[in-house]
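Subject: Structure handover

Hello,

I am passing on the structure we discussed. Please open it and follow along with the notes below.

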Amino acid sequence: MPLENRIIVVATNNEHKLKEIRDILEGFKILPAREFVEDFNPDETGDSFCENALIKARALKKYVNYPVLADDSGLEVFSLNGEPGIYSSRYSAEGTDQANVEKLLNRLKDKEDSSARFVCCMVLIVGERIIQKEGYVYGRIIDVRKGKSGFGYDPVFIPDGFELTFAEMEPSEKNKLSHRRMALEKIKAELEAFNV
Ligand code: IMP
């Protein structure tokens with residue numbers, strides 16, 4: 001089948017993620033979960049990014065005959081023993097980007113080491129086959145917010161080898177480096193290898 005006819009349904013309705021996935025998996029038709037299920041929002045009860053991604057992928061596969069792709073991602077700060085980790089989106093009581101970043105900066109106040117990484121686990125289910133891949137981007141957390149683009153912890157994260165935060169970069173520049181790209185490139189290689 002020509003590549004452009006290939007459909008993958010993604011277990012997210014997050015426009016940022018959909019755009020990033022469409023950019024990277026160009027040639028595939030990427031459809032959001034909402035085209036198949038109303039209010040798709042399974043409970044993320046896993047203990048790791050990959051467990052949560054698998055929960056989302058399996059939940060969506062029940063409704064869809066096409067290949068499905070799910071991701072789970074977050075930030076790990078080494079001097080905080082991996083916090084916020086799988087709790088990245090619900091780190092603060094409010095759970096907003098603003099409050100989550102506030103809490104992170106407070107927790108880091110007395111720490112010398114602010115090195116961190118973004119992690120992404122992607123799970124693709126094609127028929128009976130489950131393909132699971134992780135991607136990382138390493139960097140550090142700064143103590144003031146800089147930049148307006150992106151989401152989540154982008155305004156306080158500077159990737160290694162750069163002077164700008166993710167929120168100061170053009171989205172296309174961030175997408176070249178991101179943890180989602182790293183995981184997706186590995187998924188893409190599998191898709192090509194198996195001629196999905
Ligand atoms: P989830 O993968 O949708 O569960 O997202 C987890 C959370 O991790 C998001 O709400 C953000 O707080 C954070 N996160 C994941 N990826 C990024 C990113 O690329 N930039 C900034 N924050 C991110």
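Here is what was found around the ligand and in its pocket.

First, a caution: this is a predicted model.

The ligand's surroundings
The ligand has 15 residues around it. The closest are Lys 17, Ser 73, Asp 154, Lys 174 and Arg 180. By type, the shell holds three nonpolar, six polar and six charged residues. Two elements, β3 (68–77) and α5 (179–194), each supply at least two of the shell residues. β3 gives the most, with three.

Polar contacts
Asp 154 has a side-chain N or O atom 2.6 Å from a nitrogen atom of the ligand. For Arg 180, a polar side-chain atom lies 2.8 Å from a ligand oxygen atom. Asp 72 also places a polar side-chain atom 3.1 Å from an oxygen atom of the ligand. Taken alone, the ligand exposes 490 Å². The protein buries 90% of that.

The pocket
Where does the ligand sit? The space it takes is the largest pocket. That pocket holds about 670 Å³ of space. It is lined by 32 residues. Closest to its centre are Asn 14, Lys 17, Asp 72, Ser 73 and Ser 89. β3, α3 (97–107) and α5 each give two or more residues to the lining. Here too β3 gives the most, with five residues. The lining divides into nine nonpolar, 12 polar and 11 charged residues.

A good place to start looking is β3, which gives the most residues to the ligand shell and to the pocket lining.

Best wishes

Technical notes
Residues are numbered from 1 along each chain as its sequence is written. This is a predicted model: local features need pLDDT of at least 70, side-chain atom pairs count only at pLDDT 80 or more; totals for chains, interfaces and linings use all residues. Side-chain values use heavy atoms; hydrogens and water are left out. A residue is near a molecule or strand if one of its heavy atoms lies within 4 Å of it. A polar contact is a pair of N or O atoms within 3.5 Å; within protein, one must be able to donate a hydrogen and the other to accept it, and residues adjacent in sequence count only if both atoms are side-chain atoms. Accessible areas come from the Shrake-Rupley method with a 1.4 Å probe; for residues, only the protein chains shown count as cover. On a 1 Å grid over the protein atoms alone, a cavity is a set of points where a 1.4 Å probe fits but cannot get out, and a pocket is an open set with protein on both sides within 12 Å along at least five of seven lines; lining residues have an atom within 4 Å of a point. A molecule sits in a cavity or pocket if more than half of its atoms lie within 2 Å of its grid points. Helices (H or I, at least four residues) and strands (E, at least two) are DSSP runs, numbered from the N terminus. Ala, Val, Leu, Ile, Met, Phe, Trp, Tyr, Cys and Pro count as nonpolar, Asp, Glu, Lys and Arg as charged, and the others, Gly among them, as polar. Grid points are joined across faces, edges and corners, and a volume is the space filled by probe spheres set on the points.
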